[in-house]
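Visitor: Please choose one part of this model and take me through it closely, one residue at a time. After that, I would like to know how it fits in with the rest of the chain.

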Amino acid sequence: MKKFYISLLGSALLSIVVLGWLIDAFSQQAHTPQDEFSQQSKMIMGFSKQLANIPTSERSDYVKKLALEFDVLIDYKPNESLALPPSLLLQMHTPGGLILEDQQGFYMLYSSAVLNPFHLSMRLDKIFDSEQHNDIILTLLFYAGLCVFMGFIIAPLAKRLTVLNEAAKKFASGNVQARIKVSHFTYIKDVELTFNRMASQIEKLVAENKLMASSLSHDIRTPIACLRFGLDAALDSHDEQKIKQYLTRMENDLDHMESMLSSYLAFATLEQNANKLTYSSTNIKSYLEDILVQLAPKLEMQMLSVQLNSTDKIINADLHWLARAITNLLTNASDFANQHIYLSAKLHEQQLIITVEDDGPGIARENFSNVFSPFFREEAHRNRADKSYGLGLAIVEKVADWHHGSVKVSKSTQLGGACFTLTIAQHHNS
């Protein structure tokens, strides 16, 4: 919008200056007094020639006769009666004389070598209607030209606003894929980009909500069916020992449902934290070592060894959510690794790159693009992590997105299993 404001102000000033100059030049050419009163100039010069043949003492009376005969207001006066500078007095001796204006209108002064030191003064009849008509035309031309200039500047804005309005209507009607094709020749590029980002975010949230509802309705059927089976069995049984067994199973099913619902609800509210990141600095190597200490009991229980290879530099990030993402990657690796996990971190071109590799079965190449989708689990791995709801890697992708980074999966070249690469841009505190 700043570009639009500058263009609008610049065009307004330029149009006023250019149009004003053109109209002024035209007005001066169209209203030259000498051209407008050429007939009167010839008349007064003719009177002067007639006075040359009249004695000096009789010229005043003769001028009065001319005034009556030709019906003009003309006087014969000495030059001393004029309060004019010498430059204007000299103009009285030029062809056409000197034309001046007072409150009553225009009048012409003319003198010559024959009349000197006297001059003729004749009142001129100005055609006010014609001049007023011309002024109106020039005024209309000025405002018309100004409107043309403003229209030339505002037309692209109106066009882009129309495009924005059409995209908003499509989006409101349910087409969440409606986007604006951003043009380089636009004043509202920031608004268009913001609309596209908003639309993408809403589309993503709608898709996640649909997916979460579908997955929840699918996954919750199993524990509900188990509860129904256990309840029916407990009601039909008369053996207290079996009844206790059924109740214990039902309690486990309830715990499973509670865990599932908590995970789903936590993921549903996860996006609220996107604008609440708190950046701080830390040494990346010490930071990763602390995370491994927290995961040590799980790793030791599964008899897994972790090799850490990290740079010893300072990074800037939201340390809470970054630790959450790294922990999810390590937990995922520990669920599928056989013996070894490799964790590395380095800084490259203002980016922090963290890699987690394992020696497990890896991920099928056709699932590389799906593994970060919420609630996605490979069929071959569903029994490897019973408490997994396919949200860990989806959270990693969100954390990467919040940090203006990315996460991708490939095959580990040194361990043969999965290789997850988390890249986040570095935030510098001002």
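## A close look at charged pairs

Guide: Let's start with Asp335, which is partly exposed, at a relative accessible area of 22%. The cut-off for buried is under 20% and that for exposed is over 50%, so Asp335 falls in between. Please keep in mind that this is a predicted model. The side chain of Asp335 meets that of Lys298 in a salt bridge, with 3.4 Å from N to O. This pair links distant parts of the chain: Asp335 sits in helix α11 (residues 319-336) and Lys298 in helix α10 (residues 284-301), with their positions 37 residues apart in sequence. Lys298, for its part, has a relative accessibility of 27% and therefore counts as partly exposed. Both ends of this bridge, then, belong to the partly exposed class, Asp335 by its 22% and Lys298 by its 27%.

As background, side chains of opposite charge can pair when their charged atoms come close. In this chain the count of salt bridges comes to five, and two others are worth a visit.

One of them joins Arg160 to Glu192, whose closest N and O atoms are 2.8 Å apart. Arg160 lies in helix α6 (residues 128-172) and Glu192 in helix α7 (residues 189-219), so this bridge ties together parts that are 32 residues apart in sequence. The setting here is a buried one: Arg160 has a relative accessible area of 11% and is buried, and Glu192, at 0%, is buried as well. What does Glu192 touch, leaving aside residues up to four places away in sequence? Its contacts are Arg160, Ile180, Val182, Ser183 and Thr186. Arg160 is thus both a contact of Glu192 and its salt-bridge partner.

The other pair takes us to strands. Asp102 and Arg123 meet through their side chains in a salt bridge of 3.0 Å, N to O. Asp102 is in strand β2 and Arg123 in strand β4, 21 residues apart, and the pair links distant parts of the chain. Asp102 counts as partly exposed because its relative accessibility is 31%, and Arg123 counts as partly exposed at 23%.

That bridge leads straight into the sheet. Four strands make an open, antiparallel sheet, and their order is β1-β4-β3-β2. At the edges are β1 (74-78) and β2 (98-102), each of which pairs on one side only. From one strand to the next, the twist averages 30 degrees. In the order β1-β4-β3-β2, strand β3 stands between β4 and β2, so the salt bridge from Asp102 in β2 to Arg123 in β4 spans strands with β3 between them. Strand β2 and strand β3 (residues 105-110) run antiparallel and are joined by five bridges. Within that pairing, Glu101 has Phe106 of β3 as its bridge partner.

Two helices lie across these strands. Helix α3 (residues 38-51) lies across β1, β3 and β4 (118-123), and it runs at about 145 degrees to β4. Helix α4 (residues 59-70) lies across β1 and β4, at about 160 degrees to β1. The loop between β3 and β4 holds Ser112, which is buried, with a relative accessible area of 14%. Beyond residues up to four places away in sequence, Ser112 touches Ser48 and His93.

For contrast, turn to a nonpolar surface patch of about 510 Å², made by Leu14, Val17, Val18, Trp21 and Leu22. Val18 of this patch is in helix α1 (residues 2-30) and is partly exposed, its relative accessible area being 30%.

Finally, step back to the whole chain. Its secondary structure comprises 12 helices and 11 strands, and of its 430 residues, 38% are buried. Among contacts between residues at least 6 apart in sequence, 66% join residues at least 24 apart. The accessible surface is about 26,200 Å², and carbon and sulfur atoms account for 57% of that surface.

Note on methods:
Residues numbered from 1 in each chain as written. Predicted model: local features only at pLDDT ≥ 70, side-chain atom pairs only at ≥ 80, totals over all residues. Heavy atoms only, no water. Buried < 20%, exposed > 50% of the residue type's maximum accessible area, 1.4 Å probe, protein only. Contact = heavy atoms within 4.5 Å. Areas by Shrake-Rupley, 256 points an atom, 1.4 Å probe, with all protein chains shown as cover. Pairing = 2+ DSSP bridges. Axes fitted to C-alpha atoms, helices over the stretch in contact; angles between N-to-C directions. Patch = residues over 30% accessible without salt bridge, like charges linked within 9 Å, V, L, I, M, F, W, Y side chains within 5 Å. Salt bridge = Lys/Arg side-chain N within 4 Å of Asp/Glu carboxyl O.
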